[in-house]
Amino acid sequence: MRILYNLAFIIFGIFYLPYLFVTGRYRYGMKDRFGFLPEKIRAICTKNKIIWVHAVSVGEMKAAGILAPLLRKAFPSRRLVFSTVTHTVNKVAGTIATEQEGVFYLPFDICFIRDRVVKAVKQEIFISMETEFWPN
């Protein structure tokens, strides 16, 4: 079933990506979305134990902003990384992350892209601020 999902996602993407570029909806973070994380994120994840916090909406990210200091206090040896879907939420996450933390865009839900990101981040804890259903 996952093979069909991945195949459908790829085929859909081939036709939909030009629309996204033309409209500018995904002009930010395309490298992240294809699993090529920024150097800062890769460096943070290589050197530290990670707590990955994911939020889709501004409200969710603001809630993550309340949670972040509590996580830092409870897990002082861990670093937080934040993933987002939109540019607006990404900017809010940037105000929450400290210099030792990072922000990136959630990758597309295609198995080989997702696997690349999960292997790079190597999180010990994943927190989704609200239920997100991604088949992969």
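How many bridges join β1 to β2, and do these strands run parallel or antiparallel? Good morning, everyone. In this predicted model, six bridges join the two strands, and they run parallel. One pairing to locate on the structure is that of Val 53, whose bridge partner in β2 is Phe 82. Strand β1 is also mostly covered, since five of its six residues are buried.

Let us turn to the interior. The largest nonpolar core has 16 residues, and those that touch the most other members are Ile 51, Val 53, Met 61, Leu 71, Leu 80, Phe 82 and Ile 96. Two or more residues of this core come from each of β1 (49-54), α4 (58-74), β2 (78-84) and α5 (87-96). A second core, separate from that one, contains eleven residues, among them Trp 52, Val 81, Phe 104 and Val 117.

Consider Leu 80 in more detail. If we set aside its neighbours within four places in sequence, Leu 80 is in contact with Ile 51, Ala 68, Leu 71, Arg 72, Glu 101 and Gly 102.

Finally, I would ask you to look at the surface. Here Leu 7, Ile 10, Ile 11, Ile 14, Phe 15 and Phe 112 make a nonpolar patch of about 620 Å². Helix α1, residues 2-23, gives the most to this patch, with five residues. One residue of helix α1 is Ile 11. Why is Ile 11 described as partly exposed? Its relative accessible area is 42%, and partly exposed covers values between the 20% limit for buried and the 50% limit for exposed. Thank you for your attention.

Note on methods. Residues numbered from 1 in each chain as written. Predicted model: local features only at pLDDT ≥ 70, side-chain atom pairs only at ≥ 80, totals over all residues. Heavy atoms only, no water. Core = buried A, V, L, I, M, F, W, Y, C linked by side-chain atoms within 4.5 Å. Buried < 20%, exposed > 50% of the residue type's maximum accessible area, 1.4 Å probe, protein only. Helix = DSSP H or I, 4+ residues; strand = E, 2+ residues; numbered from the N terminus. Contact = heavy atoms within 4.5 Å. Patch = residues over 30% accessible without salt bridge, like charges linked within 9 Å, V, L, I, M, F, W, Y side chains within 5 Å. Areas by Shrake-Rupley, 256 points an atom, 1.4 Å probe, with all protein chains shown as cover. Salt bridge = Lys/Arg side-chain N within 4 Å of Asp/Glu carboxyl O. Pairing = 2+ DSSP bridges.
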